[in-house]
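Colleague: I'm new to reading protein models, and I keep tripping over the labels. Could you walk me through this one?

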Amino acid sequence: CCSVRDELVNTLEKIMTKRHKFDYVLVETTGMANPGPLASIFWLDDELGSDLFLDAIITLVDAKHVLQHLDDPSASSGSFEVAQQIAFA
């Protein structure tokens, strides 16, 4: 988590030197990823805060299987994680 966030901050700081070459930056996380810690860098990092802002969080949900994951009592922590990620977005 922390190393990914630090790496993202470093990468964003580097690409900000070329900001005239793009309009938006899309950050994609693969798999189950809590968007909270990554989203928070846009308002917690002093270097990025004035140049970048968070426009949106997009969450894709597997509509065919989401209820199965939310209702599975054997994976209570996993179902909480699924619900938390959907609610955050």
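**Why these labels?**

Modeller: Sure, starting on the surface: Val61, Leu67, Leu70 and Ile86 make up a nonpolar patch there, with about 320 Å² of accessible area together. Keep in mind that this is a predicted model.

Colleague: Why is Leu67 called exposed?

Modeller: The label needs a relative accessible area over 50%. Leu67 has 56%, so it counts as exposed. You'll find Leu67 in helix H4.

Colleague: How sure is the predictor about helix H4?

Modeller: Helix H4 (residues 66-71) is where confidence is highest, at a mean of 83. Confidence is lowest in helix H3 (residues 46-49), with a mean of 61. The protein as a whole averages a pLDDT of 76, and 78% of the residues score at least 70.

Colleague: What sits in the loop between H3 and H4?

Modeller: Ile58 is one residue there.

Colleague: Is Ile58 buried or exposed, and how do you know?

Modeller: Buried would take a value under 20%, and exposed takes one over 50%. Ile58 comes in at 71%, so exposed is the right word.

Colleague: And what about Glu28, buried or exposed?

Modeller: Set its value against that cut-off of over 50%: Glu28 has a relative accessible area of 56%, so Glu28 is exposed. Glu28 belongs to the loop between H1 and H2.

Colleague: How far apart are the C-alpha atoms of Ile58 and Glu28?

Modeller: Those two C-alpha atoms are separated by 9.3 Å, although the residues are 30 apart along the chain. For Glu28 and Ile57, 29 residues apart along the chain, the C-alpha separation is 10.0 Å.

Colleague: Now the inside. What makes a set of residues a nonpolar core?

Modeller: The members have to be buried, of nonpolar kinds such as Leu or Val, and joined through side-chain atoms within 4.5 Å. The largest such core here has eight residues: Leu8, Val9, Leu12, Met16, Leu38, Ile41, Phe42 and Leu52. Helix H1 (2-15) and helix H2 (35-44) each supply at least two residues of this core.

Colleague: How much of the protein counts as buried?

Modeller: Of its 89 residues, 20% do. On the outside, the protein exposes about 6,900 Å², and carbon and sulfur atoms supply 56% of that area.

Colleague: Last one: how many helices and strands are there?

Modeller: Five helices and zero strands, so reading along the sequence gives you α-α-α-α-α.

Key:
Residues are numbered from 1 along each chain as its sequence is written. This is a predicted model: local features need pLDDT of at least 70, side-chain atom pairs count only at pLDDT 80 or more; totals for chains, interfaces and linings use all residues. Side-chain values use heavy atoms; hydrogens and water are left out. pLDDT is the predictor's confidence in each residue, from 0 to 100. Helices (H or I, at least four residues) and strands (E, at least two) are DSSP runs, numbered from the N terminus. Patches are made of residues with over 30% relative accessible area and no salt bridge: like charges are joined within 9 Å, nonpolar side chains (Val, Leu, Ile, Met, Phe, Trp, Tyr) within 5 Å. Accessible areas come from the Shrake-Rupley method with a 1.4 Å probe; for residues, only the protein chains shown count as cover. A salt bridge is a side-chain nitrogen of Lys or Arg within 4 Å of a carboxyl oxygen of Asp or Glu. Buried means under 20% relative accessible area, exposed over 50%, partly exposed in between (1.4 Å probe, protein chains only).
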